Protein chains: 2
Amino acid sequence: MAFHQYFNGEIFPVDSPLFKTNDLGLLRGYGLFDYFRTYNGIPFRWNDYWQRFENSARLLKLSLPVSQEETAKMLADLHAMCGEREVAFRFVLTGGYAPDSVNVVQPNFLIRTEALPQDNPAGRLKGIKVLPYEYVRDLPEIKTTNYMHMVLMADEMKRTQASDLLFHKNGEISELTRSNVFIFRENKLITSNRNILNGITRRVVMELAASYFEVETRTVSYEEVLTADEVFTTSTTKWVMPIVQIGDAAVGNGLAGKQTLFLQKLFEDLVADWGK
Amino acid sequence: MAFHQYFNGEIFPVDSPLFKTNDLGLLRGYGLFDYFRTYNGIPFRWNDYWQRFENSARLLKLSLPVSQEETAKMLADLHAMCGEREVAFRFVLTGGYAPDSVNVVQPNFLIRTEALPQDNPAGRLKGIKVLPYEYVRDLPEIKTTNYMHMVLMADEMKRTQASDLLFHKNGEISELTRSNVFIFRENKLITSNRNILNGITRRVVMELAASYFEVETRTVSYEEVLTADEVFTTSTTKWVMPIVQIGDAAVGNGLAGKQTLFLQKLFEDLVADWGK
């Protein structure tokens, strides 16, 4: 049993060379992706992820070669082939092979199965450090493959023991490289709604929080983040992750926030029971 | 005889699938490229193109697996294999295969040989139309593979019979999607020096022009371009190409400028005699 991938209608081992070298994803960065995982063997919020993937494809004017139903069948096949109870799926849709290296002819559609990402239980408990970084993602609503700055800054993050970058521009924050940002001011939960990717975990956390906190979605200033009582980030791989340091500045008292840990527990309970 | 490609030390037919699907160029848009061609069978300004490629790689912190001398040998082999007198070479350097989909381990280096791009003699004679587009390229000094907006706008360009986009932001122009911009105000030649890729054809044209015109390199406002006497663009594939329409507005009298055509002739003469 091993991880496999689906590519344009066929299944291959996950480490097979598949892409010809005139693919627009490779030559022109014209590609989008999505990434999600199972809990208890069941894909988490599959409808939400599929709808986001469809939305990204529509905004990049790429036609999807398969329906949601056909894709669900492939996910089941790939999942069965890997022999693991839990698996992560990565969708990649590129502009496809382009004889003129500019115009889309037929997109290439890939689904990779991958081992679950390494967990970070210490980060969830104690919180992580992020580096402020002046940048706003291009076409932020689309989950494009453009992560140039994240890869470029990987060394610097290691050197400074930071886990991620906090994007801010013109005094306003947007998101981390691959996750959304929330702050608590007293017991009000606030998250940015501009220049962000609409995270599925973000949505789930807002749903969970609604019973306990006032939730505001609006532009959030960098200053507000620096002076917040609690800050955390959400993503498919990070769940609800406290942020306790921004550059050299501690958030609040420098410890993971209590309300953050409360939301984290709600999320953990939800996924622990997923599909049951 | 057929076009081949070099990939990490081996030679393959140009349409072979080569890239595994965890390449950082594909998954994260972490890649750069360069593109040049021969005249009279000799690579044009090879030292300049190599130095630009090296510079891009250095700025993206990617190590080049081969020296300029080794690469020159590969170019000669690939050129011989294609059986064509003239050929275009495309270098692509990506972040390589990444088990964690973030950190660079070992770059992938590709050299494709390609047929020369289709010439546009009518465009060179009569000039082209461009669409103004509010955008500035990210990391403009690096020849990254990020051409998202160019591919996204390809339909709109076709619909409006435009050949390219003119990037402008905050009242300042930078470049077209893949080429530099020059204007003439009377007999003064002006080209932007900010947020641009340092084009080799741009450099050659400035060298050629220096004997005949005053040449200024500085920021250029969008307004200056709209009111210029002549506008043209330069690139490896476009040579010296008059721009006669910007959106709905004609440049000057709407005809290719005389000084532009003079520089075009100088460039054509130079490449006609290249290597002789």
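**Notebook: the interface of chain A and chain B**

I looked for salt bridges across the interface of chain A and chain B and the rule found zero (a side-chain nitrogen of Lys or Arg within 4 Å of a carboxyl oxygen of Asp or Glu). The model is predicted, with local features needing pLDDT of at least 70 and side-chain atom pairs pLDDT 80 or more, while totals for chains, interfaces and linings use all residues. Residues are numbered from 1 along each chain as written, chains are lettered from A in the order written, and side-chain values use heavy atoms, without hydrogens and water.

I then looked up polar contacts across the same interface and found 19 residue pairs, both residues at pLDDT 80 or more (N or O atoms within 3.5 Å, one able to donate a hydrogen and the other to accept it; residues adjacent in sequence count only if both atoms are side-chain atoms).

On the side of chain A that touches chain B, I noted 23 nonpolar, 14 polar and eleven charged residues (Ala, Val, Leu, Ile, Met, Phe, Trp, Tyr, Cys and Pro are nonpolar, Asp, Glu, Lys and Arg charged, the others, Gly among them, polar).

I checked the area buried between the chains: about 4100 Å², 61% of it from carbon and sulfur atoms (accessible area, 1.4 Å probe, lost on being put together, summed over both parts). In chain A, A:Leu26, A:Arg28 and A:Met148 lose the most area to chain B, together 18% of what that side buries.

Last, I superposed the copies: chain A lies on chain B with an RMSD of 0.0 Å after a turn of 180° and a shift of 0.0 Å along the axis (least squares on C-alpha atoms with pLDDT of at least 70 in both). That is the relation of a two-fold axis.

Key: Buried area is the accessible area (1.4 Å probe) that two parts lose on being put together, summed over both.
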